[in-house]
Amino acid sequence: MIAVKAVNDILCTNESVTSLVPDEKIYMIDIPAVYQKIENAPLLRINEIYDYAESFSSNKVFSEIYQVQITVWARTIQELEPYKKILDQAMAAEKWSCYYRFPLTKDEDIDLYMLARRYVRQIVEKEEEQ
């Protein structure tokens, strides 16, 4: 699995998420500099944090851990409030758990407020699937 693509698919097909940020403003890995402007907010970016083959049996991976960070930029702090609940719900529905929440901050580079959360998912292969 490519974690950023899997999460992109989750977010772009979730009506609660796309009601807040259109899927064309959901980016994987980077947001092109031309779109990093106040007038384009809200913006959402998905980055991979960790991709690890955790457990092996007979030289085959049977447990993998994936971690991603979802960052949202908005014009006001109030605009960020609904993302906290909606992102957690969308991710939990697909077996991703929020394990870290960054403090709310202002991104001085693009003069927008920023909310960032990290999610983890473990996938264990069944023996017959190996």
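**Burial and salt bridges**

User: Why does Asp 88 count as buried?
Analyst: The relative accessibility of Asp 88 is 19%. Buried means under 20%. The value of 19% passes that test, so Asp 88 is called buried. Keep in mind that this is a predicted model.

User: What makes the contact between Arg 101 and Asp 88 a salt bridge?
Analyst: Their side chains meet with N and O 3.4 Å apart. The rule asks for a Lys or Arg nitrogen within 4 Å of an Asp or Glu carboxyl oxygen. Arg 101 and Asp 88 fit, at 3.4 Å, so the pair is a salt bridge.

User: How do you know that this pair links distant parts of the chain?
Analyst: Look at where each residue sits. Arg 101 is in strand β4 (residues 97–101). Asp 88 is in helix α3 (residues 77–92). The two are 13 residues apart.

User: Is Arg 101 buried or exposed?
Analyst: Arg 101 has a relative accessible area of 51%. Exposed means over 50%, so Arg 101 is exposed.

User: Which residues are linked with Asp 88 and Arg 101 in a network of salt bridges?
Analyst: Arg 117 is linked with them in that network.

User: What makes Lys 5 and Asp 9 a salt bridge?
Analyst: Their closest N and O atoms are 2.6 Å apart. The limit is within 4 Å, so the pair counts.

User: Why are Lys 5 and Asp 9 separated by about one helical turn?
Analyst: Both lie in helix α1 (residues 3–12). They are separated by about one helical turn because they are 4 residues apart in that helix.

User: Why are Lys 5 and Asp 9 called partly exposed?
Analyst: Lys 5 has a relative accessible area of 40%. For Asp 9 the value is 35%. Partly exposed lies between the 20% and 50% cut-offs, so both residues get that label.

User: How do you know that Asp 111 and Lys 106 form a salt bridge?
Analyst: The N to O value for their side chains is 3.1 Å. That is within 4 Å, so the rule is met. Asp 111 is partly exposed at 36%, and Lys 106 is partly exposed at 29%.

User: How many salt bridges are there by this rule?
Analyst: The count comes to 4.

User: Why is Asn 8 called buried, and what does it touch?
Analyst: Asn 8 lies in helix α1. Its relative accessible area is 11%. That is under 20%, so Asn 8 is buried. Leaving out residues up to four places away in sequence, Asn 8 touches Ile 26, Met 28 and Ile 46.

Note on methods
Residues are numbered from 1 along each chain as its sequence is written. This is a predicted model: local features need pLDDT of at least 70, side-chain atom pairs count only at pLDDT 80 or more; totals for chains, interfaces and linings use all residues. Side-chain values use heavy atoms; hydrogens and water are left out. Buried means under 20% relative accessible area, exposed over 50%, partly exposed in between (1.4 Å probe, protein chains only). Contact means heavy atoms within 4.5 Å.
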